[in-house]
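Got your viewer ready? Load the model below, and we'll walk through it one selection at a time.

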Amino acid sequence: MSPLLRTLVLSSTLAALAAQEPWDALIRGTEARTPTEELAGFHLPPGFAIQLVASEPEIAKPMNLAFDAKGRLWVSDTLEYPLALATGAKGRDSVKVLTLGADGKATTITTFVDGLNIPIGLYPYRDGVVAFDIPTIKFHRDTDGDGQADRSENLYGTFGRDDTHGMTNSFRRGPDGWLYATHGFKNKSTVSGADGSSITMTSGNTYRMRVDGSRVEHHSNGQVNPFGMAFDDWGNLFTSDCHSKPIYQVLRGAWYPSFGTPHDGLGFAPEMMAHMHGSTGLCGFAWYDAPQFPGEFRGNAFVCNVVTSKINRDRLEARGSTRNAKELADFLTSD
């Protein structure tokens, strides 16, 4: 396509979008499928089954999930994403708690805290949940035991929201007791702890924080828009990333490729993989090494691919001090 034609196509597309309401430009034009219809389009390896846990209207758009010590599933649930509300407006989003039955389906769904604005990262903790919604990380507590938060306190902020696709998310408790998180594309955030510690992050980063709000520390620099994090059995930290490589092993103090951002002079940290899984919107990294799946799935990394409607799979193989990802057959595909 010639530069002139590309310009004309882009101009006409932007003009069409500008003439629409924001929601119109973002909503798929086809009819929504029922859970039963959607289930018929899922394909898994032999021996596996997929089950419905919850669906609309009880759950709108789930962003992050976490299990607590009682086996309950905590879900950050949004109606607003990706459109952030104006400053001062009341949010319609929430954190919900699901109790699961023997068949995997939620038997109860309760709203623990609402009035939020695009909650993404969350971590169940003591009598509540540590969760981000624009523009701060808060600790929402249930002090009277009725199953709903009655007290909220700010822990860390203020986080940027220039791009609501890249806000802080994927909270994971490390073996060192710190709570780790990612920070995403285009946003700039200066975050401080109660002890006076302070970090500034622009676009992709990982960082860690004390759960009580006392201290925050930088962990790594770079990546474009990491969304998804997990530790393996050895305490190694991995994230999935949009627009660079699908999976990185994240080393403390290391630099990773981003959009034109230079490294620190020592070079970028080692890559784990050369393949791209045919997409850009990679998210939701999960590490598996439990005995329930067949042996071929142990030591595997799973990454959600929202563009191709697949869950991609890689085997992480150790080569010296570096993990390398070997591309395997997809775990799930959807029609």
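Before you click anything, one term: a disulfide is a pair of cysteine sulfur atoms within 2.5 Å. This is a predicted model, where local features need pLDDT of at least 70 and side-chain atom pairs count only at pLDDT 80 or more, while totals for chains, interfaces and linings use all residues. Residues are numbered from 1 along each chain as its sequence is written, and side-chain values use heavy atoms, with hydrogens and water left out.

**Stop 1: two cysteines.** Select Cys-283 and Cys-304 and show their side chains. Why is there no bond between Cys-283 and Cys-304? The sulfur of Cys-283 has its closest cysteine sulfur in Cys-304, but they sit 5.1 Å apart, which is too far for a bond. Start from Cys-304 and you land back on Cys-283, again at 5.1 Å. In fact, the structure holds zero disulfides.

Now turn on the surface. Here, buried means under 20% relative accessible area, exposed means over 50%, and partly exposed is in between (1.4 Å probe, protein chains only). Cys-283 has 18% relative accessibility, so it counts as buried. Cys-304, at 29%, counts as partly exposed.

**Stop 2: the strands around them.** Switch to cartoon view. Helices (H or I, at least four residues) and strands (E, at least two) are DSSP runs, numbered from the N terminus. Select residues 300–305: this is strand S21, and five of its six residues are buried.

Add residues 282–288, which make up strand S20. Two strands pair if DSSP finds at least two bridges between them; S20 and S21 run antiparallel and are joined by five. Our cysteines turn up again here, as Cys-304 in S21 is the bridge partner of Cys-283.

**Stop 3: the hairpin.** Next, select residues 310–319, strand S22, which pairs with S21 in the antiparallel sense over six bridges. Find Asn-305 and look across to its bridge partner in S22, Lys-310. S21 and S22 form a hairpin with four residues between them. Click on Ser-309 in that turn: its phi is positive, at about 60°.

**Stop 4: zoom out.** Show the whole chain, with its three helices and 23 strands. Its C-alpha atoms fill a box of roughly 65 × 50 × 50 Å along the principal axes. How much of the chain is buried? Buried residues make up 45% of the 335 residues.
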